[in-house]
Structures are given as structure tokens and as C-alpha cells.
Amino acid sequence: MSAELGKVDINELAQEAGKAVGEGAGALAKVEGIYPLSVKFADGAFFCLARTGQGKRLVVLGEGKAAGDFSGESVSGVKFCALDAENAAALRNYFPWTAPVPIGRRASFGTGDRLGVATPGHLQAFAPYEIFPVLAQQSMRELGRTGRTAQDVIDDAGWGAFEAGYVGTFAADADHIKKIDEALDCYRLGFTMFTIDASDQIDLQAVHLSDEQALTGFREIPAYRQITERYADKSWNFSRGGVSVDIAFSDAELARCALVYHKAVEHMAAIYDQLRKVSGAEAGFDFEVSVDETETDTTERDHFFVATELAERGVKWQSLAPKFTGQFQKGIDYIGDKAKFEQQFAAHALIAENLGPYKISVHSGSDKFSIFPLVGQHTGGYFHLKTAGTSWLEAVRVITVKNPALYRRMHEFALEHFEQDRASYHVTTDLAAIPPVDSLADSDLPALMDKVDSRQLLHITYGSLLSCRDGAGAFLFRDEIYGALYDYEQTYYQMLERHIGRHIETLGVKRR
Ligand code: ZN
């Protein structure tokens with residue numbers, strides 16, 4: 001593991017940095033406690049990130065308008081600024097690459113970061129590859145579990161990019177947006193990608209209607225005539241590289257498809273229109289159509305229908321997430337019929353290529369190593385993948401290695417909370433397959449992060465682990481978890497580089 005950087009007392013740091021600054025950026029970068037790649041110059045002042053005994057601080061040396069726009073505590077003429085929302089906004093003004101931007105037509109990879117400390121590690125993983133990073137990605141339903149705000153998610157990615165000296169681009173995905181207001185709020189905060197989860201508007205019951213019932217219901221949809229004209233007595237064929245898709249709708253099939261999806265289409269189009277209005281430009285944001293949060297697989301016909309109807313309503317989207325066969329359980333490999341997955345995936349990719357091109361998006365993409373090569377292959381590398389939980393599990397891995405006593409307590413707590421916490425997930429975890437943690441030596445603990453059942457145990461319970469407090473109101477684990485990751489952050493970055501890097505490599509992404 002690479003060496004950890006020291007934490008330096010603020011007074012000492014102020015002295016050393018004050019001395020070095022006269023000799024320029026190179027000298028400043030060598031001061032202990034300063035992240036060497038973070039040193040930047042703007043408007044007559046130096047800016048850099050430092051590790052102090054009180055946590056990370058933005059250090060400002062010099063005068064001028066830029067320096068004045070950051071607020072903090074002055075020590076021997078050196079300003080130490082908290083990494084808060086106000087300073088993050090100022091940072092984006094002077095160092096625009098710390099703000100997310102839209103992806104447009106590029107392959108992309110989302111790394112949700114539940115703790116907000118993973119960005120430099122994610123950037124190390126992305127560095128060798130030709131793929132657009134979505135460093136900020138947060139589903140609104142999971143924010144409560146982490147005790148962070150949507151603003152924190154954007155800001156933390158920006159601070160992480162600044163620490164790492166990253167001057168490239170990244171995006172911010174407001175994931176699983178269900179309501180117009182959520183989308184607009186996230187837009188105002190700076191999110192650049194909007195993943196619209198239309199599961200509440202998808203009516204899967206309609207799949208089971210008889211032909212007659214479906215046709216009757218269909219006629220009640222206001223746009224029924226226009227929809228009929230678009231599909232009746234028509235057929236489409238797409239083929240490439242041995243994959244072929246034929247699409248045609250019988251009257252009853254069209255009726256059922258419309259009944260299942262028309263409300264979802266209207267809903268997504270309404271959100272899109274509002275975003276268009278506030279952004280004022282078509283390239284102002286990325287839009288992802290997500291129909292994956294359902295019980296049944298998205299058929300070729302479903303995909304074709306949804307895409308055609310959205311296009312008809314003027315929606316322009318960059319990616320679409322179908323529901324695939326098999327199980328995409330959190331933090332573990334794909335479970336299911338790989339051949340069937342490949343056949344479905346290839347068909348979806350072919351439709352996306354012909355109706356767009358837009359990207360096929362794979363959700364719950366953490367650790368799906370056995371299907372990654374298929375995803376890369378059938379999209380010709382033009383895909384979007386979302387991961388989140390796997391970076392949390394790498395954080396837990398750091399703790400298994402560096403603070404086994406803390407891990408043991410987390411493990412016991414997770415066992416107690418598992419039944420309750422699993423309710424919101426579909427997992428098949430077998431707790432009996434996890435060895436009792438007191439029977440394991442410290443050196444055996446990291447291996448738990450390589451096994452399906454223990455991975456899921458720690459994955460499912462992350463919300464409780466981060467939010468539970470003792471009788472006196474103090475966090476049971478949160479502060480210690482953050483403390484361990486602060487002490488051993490280079491270890492964390494390195495683990496992320498390896499693990500997320502393995503994802504990107506297996507997807508077959510081109511190296512730079
Ligand atoms: Zn999803």
C-alpha cells in the first residue's frame with residue numbers, strides 16, 4: 001500500500017506554507033500536509049488543499065479578489081477555509097473544472113460515492129481510460145441513508161477533483177428522479193444528468209389484460225389515434241453483426257404496450273420539458289430514460305415503443321436503462337442466464353444504435369464482471385454504467401485491514417440490523433454462510449469483502465451503520481468510519497483504483 005500523508009498542525013502548516021510561497025508553486029507543493037497536485041494559482045493568490053489535524057482545509061495564500069471570495073480562519077496571514085458549500089461555490093468560480101458538466105455523446109461510467117471521500121480514488125481508476133466519469137451520482141431515495149444533502153454530493157466531488165489536481169471534465173447524475181420538483185431542485189444545485197425513474201407510471205398490470213380488455217382500454221387514451229397510426233401495419237428490421245431485431249405490433253400488442261407505458265412516456269416528457277425550459281439549451285443536461293425498476297424484462301417492442309413515443313414528443317435523451325433478465329443484486333456479480341442476457345442486451349443495443357444513437361445504461365452495475373465484456377462488445381463501447389455500493393464496500397475493506405476492531409463491531413451491528421434493512425432490497429443473502437466473526441483472525445477479515453454473503457451484509461446495512469446513534473446522541477460508527485478513511489485515505493484511493501479499474505478494464509474500455 002502507498003504511504004499515507006501526515007496530518008499537520010495548522011500553525012505549523014501556516015509557517016511552512018508562508019515560507020514556501022515566496023518560492024512559488026513547486027515549493028508549496030513540497031510542504032508537508034499539502035496535497036501536491038492541488039496547488040493552483042488564481043488572481044494573485046495560491047490555492048491548495050491540505051491535511052490538517054482538524055480535517056481537510058482549503059489553504060489560501062495571498063491577497064486579491066479571488067482570495068477575498070473564500071471565507072476562513074487566518075493563521076499567520078494564511079487563510080484556512082472549511083470545505084463547505086459557500087467555499088465550494090467560490091471554488092467553482094475560479095476553477096471551473098471543479099463543476100460538473102454534461103456528458104453528451106460519450107461513453108460514461110458513474111461512481112456513486114456514499115461517503116463523499118472517494119473521488120480522488122475514482123479519478124486514479126479513470127486516469128488510464130477513455131471514458132467520461134460521472135463522479136457525483138446520487139439517488140434521491142438514498143440520500144437520507146447517508147445523512148448528506150444533494151449539495152454535498154456535488155461539492156464533495158468538486159473538492160475531490162481539486163485535491164487530485166484533476167482539470168478534466170466530470171458529470172453529476174441526479175439518479176432515480178421521480179418528480180418534476182426533484183429534477184428542478186437538482187438542476188439548480190448543479191446536477192447535469194437526470195435519470196428519470198418512471199416506475200410509478202409504468203402499469204405492468206396491463207400486460208395481463210385480454211386482447212379485448214386491452215383494446216377497450218387503449219381507446220380511452222387521448223393520443224390513441226396518433227399512436228395507432230405510428231405502429232399499425234408497420235414493421236421494422238434492424239441488423240448488424242449477426243444480431244437481428246424484427247419489430248411489429250398486432251393491435252392487441254400495441255394496445256397493451258401503450259397501456260403499460262403511455263403514462264410513463266408523458267411523465268418523462270413533462271420532466272424533460274421543464275428541464276429544457278430552465279436550462280434554455282438542448283446540450284444543457286443529459287437525460288436518462290429509466291424503465292428498469294420493474295418486475296418484468298423490457299422487451300424489444302417495449303423499448304422501441306418508449307423510444308419512439310419520447311422522440312415524438314421532442315425528448316432528446318443520452319441513455320436508456322432497460323430491465324434485463326436475471327438478477328442485478330447489489331455489490332455482487334450477475335446472477336442469471338448469461339446467454340439470454342446477451343441476446344436481450346444485443347437487441348437493446350441494436351435498437352439504441354438505430355433510433356439514436358443513445359447509450360444503453362446498466363444500473364446496479366457494481367461488480368457485474370461476468371457480463372461486462374458483453375456490455376462493451378455489443379454497444380461498441382458506447383454505454384453508461386452505474387456503480388455505487390462497491391465503493392462503500394472498498395471503504396469497509398480499508399477498515400477490515402486497518403482497524404479490525406472497528407470492523408468487528410460494524411459486523412455484529414450489521415447482523416443485528418440485516419433483517420430490517422433488507423426490506424428495501426432484493427437480495428438472496430445467506431447469513432448462515434458467513435463465518436462467526438470471532439472465529440476469524442484479524443488477517444482473515446479482508447477476505448470477507450470478497451465473498452457474496454458478507455459483501456451484501458455490509459452493503460445492505462450501510463444506512464444504519466452511518467446513521468445510528470447511541471443513547472447520548474453520538475454516532476455509533478459514522479465518525480469512526482470517516483476517521484479511519486481520513487487516516488488511511490491513500491489506501492482507500494488505491495483500493496478504489498484497483499477495483500473500479502477492474503470494472504473499466506473488463507468492460508473493454510480503450511486505454512488512452
Ligand atoms: Zn435503476
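Let's start with E394, which counts as buried because its relative accessibility is 0%. Keep in mind that we're looking at a predicted model. E394 has a partner: its side chain and that of R498 meet in a salt bridge, at 3.6 Å from N to O. R498 sits in helix 20, residues 489–506, and E394 in helix 15, residues 389–402, so this pair ties together parts that are 104 residues apart in sequence. And is R498 buried or exposed? At 48% relative accessibility it counts as partly exposed, because the exposed class begins only over 50%.

If salt bridges are new to you, here's the general idea: side chains of opposite charge can pair when their charged atoms come close. How many salt bridges does this model have? The count comes to 33.

Let me show you another one. The side chains of D173 and K386 meet at 2.6 Å, N to O. Why do I like this pair? D173 lies in strand 9, residues 172–177, and K386 in strand 16, residues 383–387, so the bridge ties together parts that are 213 residues apart in sequence. Both D173 and K386 are buried.

Now turn to D200 and K178, whose side chains form a salt bridge at 3.2 Å, N to O. This pair also links distant parts of the chain, 22 residues apart. D200 is in the loop between strand 10 (193–197) and helix 9 (211–219), while K178 is in the loop between strand 9 and helix 8 (180–189). D200 counts as exposed because its relative accessibility is 56%, and K178, at 29%, counts as partly exposed.

Salt bridges can also join up into a group. Which residues are linked in a network here? They are R230, E266, E309, E312 and R313.

On to the cysteines. How many disulfides does a search of the whole structure find? The search finds 0. Take C81 as an example: the nearest cysteine sulfur belongs to C48 and is 10 Å away, whereas a disulfide needs the two sulfurs within 2.5 Å. C81 counts as buried, because its relative accessibility is 0%.

Next, a sheet. As a reminder, strands of a sheet pair through backbone hydrogen bonds, either parallel or antiparallel. In this model, 5 strands form an open sheet in the order 1-2-3-5-4, with antiparallel pairing. Which strands are at the edges? They are strand 1 (40–42) and strand 4 (73–75), each of which pairs on one side only. From one strand to the next, the twist averages 35°.

Let's zoom in on one pairing in that sheet. Strand 3, residues 55–62, and strand 5, residues 78–81, run antiparallel and are joined by 3 bridges. You can find one of the partners by starting from V60: its bridge partner in strand 5 is K79.

Last stop: helix 16, residues 404–421. Where does this helix bend? The bend is at L415, by about 35°. The buried residues of helix 16 include P404, L406, Y407 and M410, and further along F413, A414, H417 and F418. What covers them? The cover includes helix 15, helix 17 (452–460), helix 18 (462–467) and helix 19 (478–487). You've met helix 15 already, as the home of E394, which brings us back to where we began. Thanks for listening, and do have a look at these spots yourselves!

Key. Residues numbered from 1 in each chain as written. Predicted model: local features only at pLDDT ≥ 70, side-chain atom pairs only at ≥ 80, totals over all residues. Heavy atoms only, no water. Salt bridge = Lys/Arg side-chain N within 4 Å of Asp/Glu carboxyl O. Helix = DSSP H or I, 4+ residues; strand = E, 2+ residues; numbered from the N terminus. Buried < 20%, exposed > 50% of the residue type's maximum accessible area, 1.4 Å probe, protein only. Pairing = 2+ DSSP bridges. Axes fitted to C-alpha atoms, helices over the stretch in contact; angles between N-to-C directions. Bend = angle between axes of the 7 residues up to and from the residue. Contact = heavy atoms within 4.5 Å.
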